Amino acid sequence: MTTTSEARSPSPPHGERPPRPARDGLAAAIAVALGLSLVYAAGQVLFWAAPEPTAHSPWLKLFLLPEPLPFRLTRVLVPAGWALAVLLGLGLLLARSHAAPLPERAFRACGFGVLGALLLPFSIMPLAAVADRLPQVLLCLPGTAAALFLVHRVQLYRRMPGRLLLAGFGWGALVGGGFGLVMITWLQRTVPGHFTSTVPEHPLDGVRTLYTLFPLGTAVMTELGKAAGVAVLFLLFRRHIDGVVSGAVLGAAVGLGFNLTETVHYLGLVSPAHHPTQFWDRQVVGLLTVHAAFTALAGAGIGAARWLAGRRDRLLAVGGGLAAAVGGHAETDVVLMRLDGLRADWYPNDVLGLLIGVPVMTVITSGAFVAAGVLVLHRGLRAQAAGTARALAAEAAGGHGAVTGPEVALLLSPRRRLLLELLVWRRDGIAGLRHLQRFQQAQLDLAVQRWHRQRPGVDSAVPSEERLRARVLAFKGSPDPAPTARKALS
């Protein structure tokens with residue numbers, strides 16, 4: 001994958017406080033992690049307060065299964081993580097009370113230690129699923145990797161670092177997937193008592209209410225866990241998540257990670273005879289049309305909030321993206337269950353029902369949300385292209401040498417850049433291709449950050465223009481492996 005190296009600022013002297021925005025971003029990320037812990041604690045309290053179910057419907061057996069061992073282990077490790085986070089937090093407070101300021105390295109170590117203590121216990125259930133079903137994981141990895149590469153290439157201009165995209169994928173697979181599995185398990189064990197005990201004279205009414213509201217609860221929990229990953233990465237690496245496009249791409253990566261965990265989890269619950277159906281549904285038809293699409297909408301809202309000045313506008317952008325993700329998830333689950341019951345009537349042949357019926361049902365249920373995500377991404381790319389074009393023209397006119405006039409048209413044409421990459425790859429191999437990609441991404445990064453510097457609401461996360469320009473000039477000073485191909489396409 002193409003990566004854009006992060007411009008590194010000089011490390012502050014020993015004992016000097018790090019830049020305030022970096023500390024604020026880490027503190028805000030910890031606040032998001034605390035929010036997930038509070039949601040988990042609320043699930044524990046509701047479980048303790050739940051009455052015994054009064055209905056004896058066979059439908060309830062799906063909600064009253066024995067607690068799996070990874071879930072019981074999570075119940076132990078989450079409070080242990082809270083205790084460790086409290087100890088680290090107290091250490092930070094004690095250090096701040098001393099006259100000498102806390103060094104940056106110590107602050108970041110304690111801060112990320114708190115984040116790890118709060119979040120890592122949620123990864124127990126996904127890790128257990130992966131350990132038990134390694135062949136299924138290996139079966140799902142090629143398609144997931146191809147989808148992740150496609151999502152990365154959707155960024156037609158400036159691309160976020162590949163390692164950040166992988167971090168989003170890892171969050172979705174481990175933290176987001178684990179939080180979703182844990183909270184769904186809480187809901188399965190909690191809500192039957194609350195709903196079936198309220199109408200003892202008509203217990204089946206409670207069962208119907210349970211089956212109606214349970215998809216909404218699972219949608220809220222899973223989308224909250226996935227969107228929290230986009231928010232945490234945005235707060236920690238705001239310099240790279242700078243708009244609708246990067247937010248949507250990062251959200252899609254988180255959704256792909258979650259989809260992998262969910263696929264492996266459900267493959268372990270159904271009989272091997274149904275594995276092809278589950279694989280087709282989740283890893284082929286639903287790979288980029290369900291979880292990836294929903295979380296892309298939530299990520300687009302977070303990315304859009306970057307340049308909104310008013311708190312109310314930012315909350316509306318983030319809340320609107322999250323509401324779209326939750327609504328799409330809940331609607332898909334509810335309607336898909338109903339349509340799946342009718343599939344046998346529509347397609348008497350089981351093969352046709354699988355190969356045609358599943359895609360048709362996916363279009364009916366989540367097609368509108370996928371279209372909305374594509375529209376948002378398209379508009380974001382158009383805005384990014386216009387801003388980048390102005391910044392590239394201004395940089396070329398400045399005569400600094402980082403971007404020249406003939407290079408502007410090439411950088412603004414994704415098709416021509418792709419052709420150039422293919423030519424360089426054929427002639428100079430992977431090394432030449434990586435040099436070209438890193439060089440052009442440095443030029444685009446310089447232009448995009450120059451554009452951001454002129455926008456309302458610019459903040460200190462926008463790096464220094466001189467440092468970015470010096471990086472481009474350093475690339476130009478190194479041997480260029482593709483002068484002939486560059487001249488052919490310029």
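1. Contact here means heavy atoms within 4.5 Å. With that in hand, a good place to start in this predicted model is tryptophan 171. Leaving aside its neighbours within four places in sequence, this residue is in contact with Leu36, Leu119, Gly176, Gly177, Gly225, Lys226, Ala228, Gly229, Val232 and Val254.

2. Trp171 also belongs to the largest nonpolar core, which holds 68 residues. Together with Tyr40, Leu115, Leu119 and Leu256, Trp171 touches the most other members of that core. Which helix gives the largest share of this core? That is helix H6, residues 162–196, with 13 residues. Apart from this core lies another one, made of nine residues, including Ala391, Leu392, Leu444 and Val448.

3. Now for the overall picture. The protein has 16 helices and zero strands. Of its 490 residues, 47% count as buried. Taking contacts between residues at least 6 apart in sequence, 82% join residues at least 24 apart.

4. Two helices are worth checking for their length. Helix H2 covers residues 69–97, and at 1.5 Å a residue its 29 residues should span 42 Å; the end C-alpha atoms are 43 Å apart, which agrees. The buried residues of H2 are Phe71, Thr74, Val78, Gly81, Ala85, Leu92 and Ala95.

5. Helix H3, residues 104–119, can be treated in the same spirit. From first C-alpha to last, the 16 residues of H3 reach 22 Å, close to the 22 Å expected at 1.5 Å a residue. Buried in H3 are Phe107, Gly111, Val114, Leu115, Ala117, Leu118 and Leu119. Among these, Leu115 and Leu119 return from the list of residues that touch the most other members of the largest core, and Leu119 is in contact with Trp171 as well.

6. Helix H4, residues 124–132, holds alanine 129, and leucine 127 lies in H4 too. Are these two residues buried or partly exposed? Alanine 129 has a relative accessibility of 4%, under the 20% limit, so it counts as buried. Leucine 127, at 45%, falls between 20% and 50% and therefore counts as partly exposed. The C-alpha atoms of alanine 129 and glycine 268 are separated by 7.8 Å, although the two residues are 139 residues apart along the chain. Leucine 127 and alanine 173 are 46 residues apart in sequence, and 9.1 Å apart in space, C-alpha to C-alpha.

7. Next, have a look at helices H11 and H12. Leucine 342 has its place in helix H11, residues 311–346, and is partly exposed, with a relative accessible area of 26%. From C-alpha to C-alpha, leucine 342 and glycine 357 are 10.0 Å apart in space and 15 residues apart in sequence. Threonine 365 lies in helix H12, residues 350–398, and counts as buried at 2% relative accessibility.

8. What does threonine 365 touch, not counting residues up to four places away in sequence? The list is Glu331, Thr332, Val335, Leu336 and Leu339. The C-alpha atoms of threonine 365 and histidine 329 are separated by 9.2 Å, with their positions 36 residues apart along the chain counted as the separation.

9. Glutamine 443 deserves a moment of your time. This residue lies in helix H14, residues 414–453, and is buried, with a relative accessible area of 1%. Not counting neighbours within four places in sequence, glutamine 443 is in contact with Leu392, Ala402, Val403, Glu407, Leu411, Val472 and Lys476. One of these, Leu392, is a member of the core of nine residues.

10. Last, the cavities. How many cavities of 30 Å³ or more are there? The count comes to one, and the largest cavity has a volume of about 30 Å³. Its lining is made up of Gln155, Arg158, Arg159, Met160, His240, Asp242, Val245, Ser246 and Gln384. By class, that lining has two nonpolar, four polar and three charged residues.

Notes:
Residues numbered from 1 in each chain as written. Predicted model: local features only at pLDDT ≥ 70, side-chain atom pairs only at ≥ 80, totals over all residues. Heavy atoms only, no water. Core = buried A, V, L, I, M, F, W, Y, C linked by side-chain atoms within 4.5 Å. Buried < 20%, exposed > 50% of the residue type's maximum accessible area, 1.4 Å probe, protein only. Helix = DSSP H or I, 4+ residues; strand = E, 2+ residues; numbered from the N terminus. 1 Å grid on protein atoms, 1.4 Å probe; cavity = no way out; pocket = protein on both sides within 12 Å on 5 of 7 lines; lining within 4 Å. Points joined across faces, edges and corners; volume = space filled by probe spheres on them. Nonpolar A, V, L, I, M, F, W, Y, C, P; charged D, E, K, R; others polar. Expected span 1.5 Å × (residues − 1).
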